[in-house]
Amino acid sequence: SILPEVPNLFWWWTETTHFLHRPTEKLGTFVEAQKVRMGWKHPIIGIHMRLGVDKNREAQRFPTKYYIHEARRIRKLFGGVGTIFVCSDRRRAIDKMIREYGQEFEILVQPRVDDALPMEYVHTDLTLLGEADYLIFTFSSNFGMAAFYLNSFLHGHRPTYVSMDDLFEGFRYYGHQMTLTYNSQTGLNELGIRKCASQWSWRGRTLLLTEDKREDAIEICDELMGQDTCKEPRLVRDRDTGELIWDKYQCEQVDDYDACYNQLLDNFRVLMRETTDVVEKGECEEECDDHGCQSLSAGNRRVLGFGVKLPHGEL
């Protein structure tokens, strides 16, 4: 009787994120001052690039030119959008974007201010991404997701955005990927799951290899497969039957652990040599080049969401 009736879970995500990120008076003053220093203007595209080395083990990282490709798409669709606000955990990527595309777009970046705290810059980035008219980010980034929720709140839960990867990309390490699809008939966002573990063809069977995301993971490499397939496996299962083919932890209860584990590694190398085909990201495989990304399986694509009606036939 107190709370309003809400359409779906996404509404709660946007509302709670906005509530929790309410700026203090000091932070609000800092944000507004930074906007003046930058020359903040509308319309503007907000871009967040998550490029830290640690992210490479969790999700695909994209070069700056791919973000610019999507900015050009937005400019073509909506016209008159020539300004970008960009933030990233890698300053060199921002410098590269300004150097290579600064003549094509006016690119705004937070200036450094004496005595400003690091977290003031972080929260200002988040706030400005939320205020942007259009947003380009990655769903696999928690920071990007928070910016997306803030942006959604400020645009009436109907943001206009491009995600460079699919929703919950980081779950790939555990052998699946969650996706969020809007159902126009029910008005709800529906969760789905795709199997994103590496798929190996072996003796007429398809095996799913789930990687270990732990920091102390030891990589297993094989000259036959090449360095690209170096990884620490956790489990190998038959995709169709669920049968466990290889288990990293099967030696933990054995008295002679070293001998058992060495045999386990030998078994894995034999398994790799007998593998005839590898689909590195399973059902979520994607291939990128200078012209953008093309899916290698149905359903994997850039995630685009438009909060306004598009010109007919533009997509």
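Buried here means under 20% relative accessible area, and Gln34, at 0%, counts as buried because of that cut-off. The close-ups below all come from a predicted model.

**View 1. Gln34, a polar side chain tucked away in helix H2.** Gln34 belongs to helix H2, which covers residues 25-38. With 0% relative accessibility, Gln34 is buried. A polar atom of its side chain sits 3.0 Å from the backbone oxygen of Pro111. Leaving out residues up to four places away in sequence, Gln34 touches Gln110, Pro111, Val113, Tyr121 and Thr124. Pro111 therefore turns up twice in this view, as a residue that Gln34 touches and as the owner of that backbone oxygen, under the 3.5 Å limit for a polar contact.

**View 2. Lys35 and Glu32, a salt bridge along helix H2.** One residue on from Gln34 in the numbering, Lys35 pairs up with Glu32: their side chains meet in a salt bridge, 3.6 Å from N to O. The two are 3 residues apart in helix H2, so about one helical turn separates them. What about burial? Lys35 is buried, at 13% relative accessible area, whereas Glu32 is partly exposed, at 42%. The pair has company too, since Glu32, Lys35 and Glu131 are linked in a network of salt bridges.

**View 3. Glu104 and Arg72, a salt bridge between a loop and a helix.** Here the side chains of Glu104 and Arg72 meet at 2.9 Å, N to O. Glu104 lies in the loop between H4 and strand E3 (106-108), while Arg72 is in helix H3, so the salt bridge ties together parts that are 32 residues apart in sequence. Both ends are partly exposed: Glu104 has 30% relative accessibility and Arg72 has 34%.

**View 4. Asp240 and Arg239, a salt bridge between consecutive residue numbers.** The side chains of Asp240 and Arg239 meet in a salt bridge, with 3.3 Å from N to O. Asp240 counts as exposed, at 59% relative accessibility, but Arg239 is partly exposed, at 29%. For the wider picture, a search of the whole structure turns up 15 salt bridges.

**View 5. Strand E4, with a parallel partner in E1 and another in E5.** Strand E4 takes in residues 134-137; Tyr134 and Ile136 point one way from it, Leu135 and Phe137 point the other way, and all of them are buried. Side chains in a regular strand alternate between the two faces of the sheet. Strand E1 (residues 45-49) runs parallel to E4, and 3 bridges join the two. Look for Gly46 opposite Leu135 in this pairing. E4 also pairs with strand E5 (residues 161-163), again in the parallel sense and over 3 bridges. There, Leu135 stands opposite Tyr161. To get from E4 to E5 the chain passes through helix H6 (residues 142-154), giving a right-handed β-α-β crossover.

**View 6. Gly130, in helix H5, where Ala147 comes within 5.4 Å.** Gly130 has its place in helix H5 (residues 118-131). At 1% relative accessible area, Gly130 is buried. Which residues does Gly130 contact, leaving aside neighbours within four places in sequence? They are Ala147, Leu150, Asn151, Leu154 and His155. Gly130 and Ala147 are 17 residues apart in sequence, yet their C-alpha atoms are 5.4 Å apart in space.

**View 7. The largest nonpolar core, and another one apart from it.** Nonpolar side chains tend to be buried together in soluble globular proteins. The largest nonpolar core in this model has 24 residues, and those with the most contacts inside it are Ile45, Ile47, Met49, Ile84, Val86, Met97 and Ile136. Two or more residues apiece come from E1, helix H3 (64-78), strand E2 (83-88), helix H4 (91-101) and E4. H3 gives the largest share, 5 residues. For a closer look, start at Val86: leaving out residues up to four places away in sequence, Val86 touches Ile47, Met49, Ile94, Met97, Ile107, Leu108 and Val109. Apart from this core lies another, of 23 residues, including Leu27, Met38, Ala132 and Tyr161. Tyr161 has already appeared in View 5, standing opposite Leu135.

How values were computed: Residues numbered from 1 in each chain as written. Predicted model: local features only at pLDDT ≥ 70, side-chain atom pairs only at ≥ 80, totals over all residues. Heavy atoms only, no water. Buried < 20%, exposed > 50% of the residue type's maximum accessible area, 1.4 Å probe, protein only. Helix = DSSP H or I, 4+ residues; strand = E, 2+ residues; numbered from the N terminus. Pairing = 2+ DSSP bridges. Right-handed = clockwise from strand over helix to strand, strands pointing away. Polar contact = N/O pair within 3.5 Å; in protein donor to acceptor, adjacent residues only side chain to side chain. Contact = heavy atoms within 4.5 Å. Core = buried A, V, L, I, M, F, W, Y, C linked by side-chain atoms within 4.5 Å. Salt bridge = Lys/Arg side-chain N within 4 Å of Asp/Glu carboxyl O.
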